[in-house]
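Please look over the structure below. The report that follows covers its empty spaces and its nonpolar cores.

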Amino acid sequence: MAAVTERYDALLRWVEEGGGSLNPAIEIYHDDVTKGSYRVKDSCSVGAEDVIVTLPLSKTLSYLDAISCHPSFSHSSSSSVCGHEKQAHFPAEFLEKTPPHVVGRFFLMQEYLLGSESKWWPYIRTLPQPEHMSTALPAMWPSDDIEFLRGTNAYVAVQDIKSTLKKEYKQAIKLLPERYHAEYTRILYHWAYSIFTSRSFRPSLILPAEALRGLPCELDDFSVLLPLYDIGNHSPLAQIAWTTDEQAQVCTLKTRQRYSAGEQVFNNYGMKTNAELLLGYGFVLSEDERLHNDYVHIKTRADPDAGDLAASHIVSLRPMIHPSSFVGRSKLLSAESMSCLPCFSHIQDTLIAALYESITKGEDETGDVSLNEIMRGDISEPVLEKIINSLGAKLSIDLEDIEENEPEYEAANRNQHLAVCYRDQCRKVLENALRSLMAGNG
């Protein structure tokens, strides 16, 4: 514990040297449950509108640092400075032909390999290290642990992620000279992927307009690591604000609520379901009366003729109108969709609309029917019945997939217990939604 505390103290000193700070009423707390987190010190409190962290943009790490001061790139971000003396630029061909988010990961790998000679070493040494990735994100789990997810949509997503990572690394390493290959390994690339996936922020949310002017890529084609800023754990109920002062060249994390002594101070990663949290951060939120975060994702084919409706939709453990379905309600196309038929109460309105468009395509039925009319069932009885039957068939298939792929043995480690918890909640979501559908359109 002393070693962990020393590393966090060194991180804080490094941030302060650049003009950043941590609220003096807050400490970095570490235990086996929360890992690193913010906590209010004894005999202290934090008020609404208090700043938690101030971070100089010069301390951020991203793709911008890989191209900063590179002779082949005219863009030079004001959020970064040209690297340390030991920094060697990647070849221009690599930077030009490799996706920016992959370049950012290779830059993090470079800084890790530099060790104490890296400008970012006080930050990097506080991160989970490559040898500990087997208990991080599901895509990094051993195959026996991943098998516990089989039958869920998370299992399919993990396979897609693993395939994408394999292709990204293979294509990127080909563009680097042979001297890079021994150290820039696939394992280290997986580590960099895990760090960026679980800790980074979108540039459009953090970096000022001046820093993004003249980018050689799209605005959010890469993400940004924010040392110290990224320690806060997630709560979808946390009231926070992320702001950037372009003149002072700092970004701040501010709370909009009060915290008492000993309480954990949370960040808010956005309206993410447990499926998204599991895949992107390696945890899920437990169900309670105040909040549930259990949703099953349903994909439909993107159809431009269907009004550009989302191709991914969610099914909720509880009706969307229930106060605890906080994340689900945030994803509704219309708040009026909560005044729907009981059989649609667990279903995102975009999925109902997509089914309606698919079933009535080429018929006179579509007319000027509104989303609210569809959700209330103010459509022809045959079309309504087809929507209900289509939903029932899809949800039944997903439930069967879970039931037919039960793990062959009891969970024996943290990953497997987490997977069992996730699949059990997915089962509950599907059972509850099917129960609503079977109640009919009454």
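How much space lies in the largest cavity? About 40 Å³ of space lies in the largest cavity. This is a predicted model, in which local features need pLDDT of at least 70 and side-chain atom pairs count only at pLDDT 80 or more, while totals for chains, interfaces and linings use all residues. Residues are numbered from 1 along each chain as its sequence is written, and side-chain values use heavy atoms, with hydrogens and water left out.

**The cavity**

A cavity is a set of points, on a 1 Å grid over the protein atoms alone, where a 1.4 Å probe fits but cannot get out. A volume is the space filled by probe spheres set on the points. A search of the whole structure finds one cavity of 30 Å³ or more. Lining residues have an atom within 4 Å of a point. Here they are Tyr8, Leu11, Tyr123, Thr126, Arg199, Leu228, Asp230 and Ile231.

Asp230 sits in the loop between strand E6 (224–225) and strand E7 (240–245); strands are DSSP runs of at least two residues, helices of at least four. Asp230 is buried (under 20% relative accessible area), at 9%. Its side chain and that of Arg199 are joined by a polar contact of 3.1 Å, that is, a pair of N or O atoms within 3.5 Å, one able to donate a hydrogen and the other to accept it. Leaving out residues up to four places away in sequence, Asp230 touches Tyr38, Tyr123, Arg199 and Phe201 (heavy atoms within 4.5 Å).

**The second largest pocket**

A pocket is an open set of points with protein on both sides within 12 Å along at least five of seven lines. The second largest one has a volume of about 540 Å³. Of its 23 lining residues, the closest to its centre are Asn153, Ala154, Val156, His297 and Lys299. Helix H7 (153–174) gives the largest share of the lining, six residues.

The two linings divide by class as follows.

| Lining | Nonpolar | Polar | Charged |
|---|---|---|---|
| Largest cavity | five residues | one residue | two residues |
| Second largest pocket | twelve residues | five residues | six residues |

**The nonpolar cores**

A nonpolar core is a set of buried Ala, Val, Leu, Ile, Met, Phe, Trp, Tyr and Cys residues joined through side-chain atoms within 4.5 Å. The largest has 123 residues, and Phe106, Phe344 and Ile387 have the most contacts inside it. Apart from this core lies another, of five residues, among them Ile314, Met320, Val327 and Leu332.

Notes: Ala, Val, Leu, Ile, Met, Phe, Trp, Tyr, Cys and Pro count as nonpolar, Asp, Glu, Lys and Arg as charged, and the others, Gly among them, as polar. Buried means under 20% relative accessible area, exposed over 50%, partly exposed in between (1.4 Å probe, protein chains only).
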